[in-house]
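The exercises below ask the reader to work through a model step by step, with the sequence and the coordinates at hand. Each task is followed by its solution.

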Amino acid sequence: MQITPKKSLGQHFLTDSNIIRKIADAVIAPENGKVVEIGPGTGAVTGVLLQRFPGLEVVEIDPRAADFLQQTYPGLTIHRQDILKTDWNSFEGGPISVVGNLPYYITSPILFSVLDRRELFTQAVFMMQREVALRLTAQPRTKDYGILSVQTQLWSRPEYLFTVSRNVFHPRPNVESAVVRLTFDTPDPGVDRSRLKLVVRTAFSQRRKTLNNALKPILKEHIPDDAAREAFAAEHQLGRRAEELQPNEFIDLTRAIYGEP
Ligand code: SAM
C-alpha cells in the first residue's frame, strides 16, 4: 500500500535500498540498548532496522502510516504520537540509539530535544537538510558556524557521514540531504545548561559585533562595575566575535560571567 505523502508532515519517503542500508549501517547500538526510530512512515528504513534490532520501537504521528506499519510488522511497538511531545524517559531497556529520516520542518527542535536529554542516549543517526548537517559539524571562523554548531559540539561528537541526493525520495524534496551521526561520549561540560545556552544565543544574536557588545546586557547584569567589566573583557578577549570561539571557550566564558567554579 502507498499512502499519499503529506507535505505538512514533511513526508518524503526513501526509495533507494542502498541509502536505506547505509543509514541502518550507521546505527551502532550497544547490545543492551534500545533503538528508536523517529518518523518511520511506510517503513523504508524500519524493515532493515528490525532485522538487526528486534526490540525496535518507532514514533509516528500519521495514523495512516502507523496503521500500515502495524499490519506489515504486527510485533512492532508503535508510539502514535508527536515526537516533540514524547518523553524520552518512557523508553525502557537501556541507553537509546535514535535514528530517523527526519521530518525537516522540525529538525532543530528534534535535535535540541535529544541534546537536552543526552544522558539517555548513546547516539543519534539523523538524515536532515544538508545545510543543517553542515552547520552541526562546522568549525569556527566559517559561515556555517553558529548556535547549532556550538550546542551540538558541546553536547555530542557529530560526524557528517554522507550526502544524499534529492532523487532518492518520493516526492523529491527541494534540498539536498545528509546523514549525520551524533555520539554522546563526550564529557559533561559541567556548567549550568540554561546559562550556557543563553550566553551562546546572545553571543551569536549579533554575530558581526564583538562579544563585548553582543553580550553587554548579560555582562552589565553580572558585572555592574564599569572598571571590573573592562578588566573582564580584556582578560577574556571579548574584542573577538562569537564565531572565533571554540565551543569549549563558551563554557569557560559562561563560568567566568556567572562566577561558577
Ligand atoms: N522513514 C520514512 C522514510 O525514510 O521513507 C519516512 C521519513 S519522512 C521524511 C518523515 C516522517 O516523520 C513521516 O513519516 C512523518 O509522518 C513523520 N512525522 C512528521 N512529523 C512528525 C512528528 N511531529 N512526530 C512524529 N513523526 C512525525
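Domain bounds come from an automatic or database domain assignment, and the model to which they are applied here is a predicted one.

**Exercise 1. Describe how the two domains are placed and what they share.**

Step 1. Begin with the division of the chain, in which domain 1 covers residues 7-183 and domain 2 covers residues 193-258. The C-alpha centres of domain 1 and domain 2 are 34 Å apart.

Step 2. Next, count the residues that meet, taking contact as heavy atoms within 4.5 Å: 17 residues of domain 1 are in contact with 16 residues of domain 2.

Step 3. The size of an interface is often given as the accessible area lost when the parts come together. For domain 1 and domain 2 the buried area is about 1,400 Å², with 60% of it on carbon and sulfur atoms.

**Exercise 2. Determine which polar pairs link the domains, and which elements of domain 1 take part.**

Step 1. Side chains of opposite charge can pair when their charged atoms come close. Between domain 1 and domain 2 there are three salt bridges, and Arg141 forms a salt bridge with Glu244, in which the closest N and O atoms are 3.6 Å apart.

Step 2. For polar contacts, the count between domain 1 and domain 2 is six residue pairs, both residues being at pLDDT 80 or more.

Step 3. On the side of domain 1 that touches domain 2, the elements giving two or more residues are helix 4 (107-116) and helix 6 (147-155). Helix 6 gives the most to this side, with six residues. By class, this side of domain 1 has seven nonpolar, four polar and six charged residues.

**Exercise 3. Examine the backbone for unusual geometry.**

Step 1. Most residues other than glycine have a negative phi, and most peptide bonds are trans. Arg141, although not a glycine, has a positive phi of about 65°, and Arg141 lies in the loop between helix 5 (130-136) and helix 6.

Step 2. Turning to peptide bonds, the one from His170 to Pro171 is cis, with omega near -5°, and Pro171 is placed in the loop between strand 8 (169-170) and strand 9 (177-183).

**Exercise 4. Identify the residues around the ligand and the polar atoms that approach its nitrogen atoms.**

Step 1. The ligand is surrounded by 24 residues, of which the closest are Gln11, Gly39, Glu60, Asp82 and Asn101.

Step 2. Among side chains, a polar atom of Asp82 lies 2.8 Å from a nitrogen atom of the ligand, while an N or O atom in the side chain of Tyr105 is 2.9 Å from a nitrogen atom of the ligand.

Step 3. From the backbone, an N or O atom of Ile61 lies 3.5 Å from a nitrogen atom of the ligand.

**Exercise 5. Give the number of salt bridges in the structure, and place one of them within a helix.**

Step 1. The structure holds 19 salt bridges. One of them joins the side chains of Asp25 and Arg21, at 2.9 Å from N to O.

Step 2. Both Asp25 and Arg21 lie in helix 1 (residues 17-26), where they are four residues apart, about one turn of the helix.

Technical notes
Residues numbered from 1 in each chain as written. Predicted model: local features only at pLDDT ≥ 70, side-chain atom pairs only at ≥ 80, totals over all residues. Heavy atoms only, no water. Buried area = accessible area lost by both parts, 1.4 Å probe. Salt bridge = Lys/Arg side-chain N within 4 Å of Asp/Glu carboxyl O. Polar contact = N/O pair within 3.5 Å; in protein donor to acceptor, adjacent residues only side chain to side chain. Nonpolar A, V, L, I, M, F, W, Y, C, P; charged D, E, K, R; others polar. Near = heavy atom within 4 Å.
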